[in-house]
Number of protein chains: 2
Amino acid sequence: MKENRYDDPIFFEKYSHMPRSEHGLEAAGEWEALQTLLPDFAHKRVLDLGCGYGWHCAYALEHGAAAVTGVDISEKMLAVARKKTGTGNVSYIRAAMEDVDFPDGSFDVVLSSLALHYVASFTDMARKIYRWLAPGGDFVFSIEHPIFTAYGNQDWYRDAEGNILHFPVDNYFFEGVREAVFLGERVTKYHHTLTTVLDGLLACGFTLRRVVEPQPPARMLDMEGMRDELRRPMMLLTAARKA
Amino acid sequence: MKENRYDDPIFFEKYSHMPRSEHGLEAAGEWEALQTLLPDFAHKRVLDLGCGYGWHCAYALEHGAAAVTGVDISEKMLAVARKKTGTGNVSYIRAAMEDVDFPDGSFDVVLSSLALHYVASFTDMARKIYRWLAPGGDFVFSIEHPIFTAYGNQDWYRDAEGNILHFPVDNYFFEGVREAVFLGERVTKYHHTLTTVLDGLLACGFTLRRVVEPQPPARMLDMEGMRDELRRPMMLLTAARKA
């Protein structure tokens with residue numbers, strides 16, 4: 001059974017107070033960078049894997065997508081998403097993204113925002129996405145950076161007074177389950193190496209268009225903890241295309 | 001003036017006793033992985049930037065290269081390289097790799113083994129290499145991993161007894177000079193982010209063929225310290241092609 005943390009009332013309540021939950025894409029530190037990787041959505045069939053609140057589904061619709069499909073394991077997330085994109089040509093599927101399937105060539109764009117680190121096999125997922133895309137189709141995603149997921153707890157290494165010393169990396173080539181702490185709650189994630197992600201995409205037949213580690217925009221640097229985001233990469237953004 | 005550590009007699013003496021210096025490619029932990037990224041050398045014009053002892057120049061010649069050019073800043077390195085590849089169609093240039101120039105389309109293959117972290121601007125170097133390559137030409141290189149270069153001293157973080165705790169990452173998005181310790185000697189290196197390397201290659205016009213973080217082969221795992229190489233990525237191998 002795939003973990004469904006977002007339907008836990010306490011976890012969901014905490015998540016709902018994050019800036020990105022309350023204020024959407026503009027409040028996400030990586031959004032300005034991610035936007036530069038997105039394709040033209042006009043008349044496209046779009047799939048969003050791990051769509052959460054549906055911010056990216058709404059964005060695709062607003063930018064002319066012909067149809068959008070959002071997949072998420074959490075009913076609470078989808079309830080918010082349905083409200084947000086009520087009248088558009090959008091359908092939501094409640095399922096773990098590993099469990100859905102679509103006919104070959106069903107989509108022109110596949111998006112996934114900060115969800116693929118919940119998947120045990122990145123490679124299996126990438127192969128399916130390649131199959132679901134029409135030729136020339138785009139796969140654009142953000143994922144927690146392999147450096148961020150390797151150690152496990154996803155926290156800084158601190159001195160006795162609690163001051164940040166650095167970010168720890170360990171067990172890098174041992175892929176698999178990590179028990180991380182997010183919003184003060186235990187969450188199961190999966191560590192994949194950069195090789196598994198990027199060389200895996202190439203092995204599937206994708207070409208790589210962009211590979212970006214986002215930095216918070218200057219306007220956010222005075223927010224609490226944001227300058228520390230310059231001390232280690234937390235996310236990896238990738239734009240790949242099916243030949 | 002670019003740093004020339006390898007002409008320092010003490011540094012060079014220490015380097016000459018490393019397994020890879022005494023025994024060549026087979027003794028390099030990354031060689032088995034790097035080999036899978038190399039193109040067919042038959043009838044190719046090959047440039048090796050930071051050629052050192054000339055192991056890769058010799059390999060290219062043995063595999064049918066039409067002509068090989070090796071560039072290195074160190075006269076001591078080139079003296080060894082000249083001996084190793086004496087009779088082949090090879091020429092050596094003593095220069096910092098930032099200072100050489102060639103006519104457009106001069107080479108079919110550009111190699112660089114563990115040398116590009118000595119270059120202040122990866123982007124400038126990549127642009128030149130793109131220009132020097134003929135259409136369809138290959139650029140294959142190993143570079144110290146951005147995770148390995150970010151912190152600076154390139155050493156493990158240890159407890160009071162000297163036991164390894166983890167590998168530290170810090171100052172990731174602050175690119176530039178790092179004073180590392182290699183073979184017990186101070187060496188100036190440059191930290192580049194993964195974005196600068198991979199997205200930089202894409203921005204130049206290269207397509208990415210392979211992106212690999214090498215793991216030591218099973219036969220080496222009982223060598224001293226080699227199992228620790230599974231705890232963090234030390235190198236990044238990349239194969240790129242000029243469209």
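A salt bridge is taken here as a side-chain nitrogen of Lys or Arg within 4 Å of a carboxyl oxygen of Asp or Glu. The views below show a predicted model.

**Figure 1. Salt bridges and polar contacts between chain B and chain A.** Across the interface of the two chains, 4 salt bridges are found. One of the salt bridges joins B:Arg210 to A:Asp199, with 2.9 Å between the closest N and O atoms. Polar contacts across the interface of chain B and chain A amount to 23 residue pairs, with both residues at pLDDT 80 or more. On the chain B side, strand E7 (164-169), helix H8 (194-204) and strand E10 (206-212) each contribute at least two residues to the surface that touches chain A. By class, this side of chain B comprises 20 nonpolar, 6 polar and 8 charged residues.

**Figure 2. The area buried between chain B and chain A.** The contact involves 34 residues of chain B and 34 residues of chain A. About 2,900 Å² is buried between the two chains, and 58% of this area lies on carbon and sulfur atoms. Within chain B, the residues that lose the most area to chain A are B:His166, B:Phe173 and B:Glu213, which together account for 22% of what that side buries.

**Figure 3. The axis relating chain B to chain A.** A turn of 180° with a shift of 0.0 Å along the axis lays chain B on chain A with an RMSD of 0.0 Å. The axis is therefore a two-fold one. The C-alpha of B:Pro168 is the nearest to the axis in chain B, at 2.5 Å. Both copies use the same surface, as 100% of the contact residues of chain B recur in chain A.

**Figure 4. The surroundings of A:Arg232.** A:Arg232 lies in chain A, in the loop that runs between strand E10 (206-212) and strand E11 (235-242). Buried means under 20% relative accessible area; A:Arg232 therefore counts as buried, since its relative accessibility is 4%. Its side chain is in polar contact with the side chain of A:Glu229, at 2.9 Å. Leaving aside residues up to four places away in sequence, A:Arg232 touches A:Phe148, A:Trp156 and A:Phe167 in chain A, and B:Val169, B:Tyr172 and B:Phe173 in chain B. Among these neighbours, B:Phe173 is also one of the chain B residues that lose the most area to chain A.

Note on methods. Residues numbered from 1 in each chain as written. Chains lettered and ligands numbered in written order. Predicted model: local features only at pLDDT ≥ 70, side-chain atom pairs only at ≥ 80, totals over all residues. Heavy atoms only, no water. Helix = DSSP H or I, 4+ residues; strand = E, 2+ residues; numbered from the N terminus. Buried < 20%, exposed > 50% of the residue type's maximum accessible area, 1.4 Å probe, protein only. Polar contact = N/O pair within 3.5 Å; in protein donor to acceptor, adjacent residues only side chain to side chain. Contact = heavy atoms within 4.5 Å. Least-squares fit on C-alpha atoms with pLDDT ≥ 70 in both. Buried area = accessible area lost by both parts, 1.4 Å probe. Nonpolar A, V, L, I, M, F, W, Y, C, P; charged D, E, K, R; others polar.
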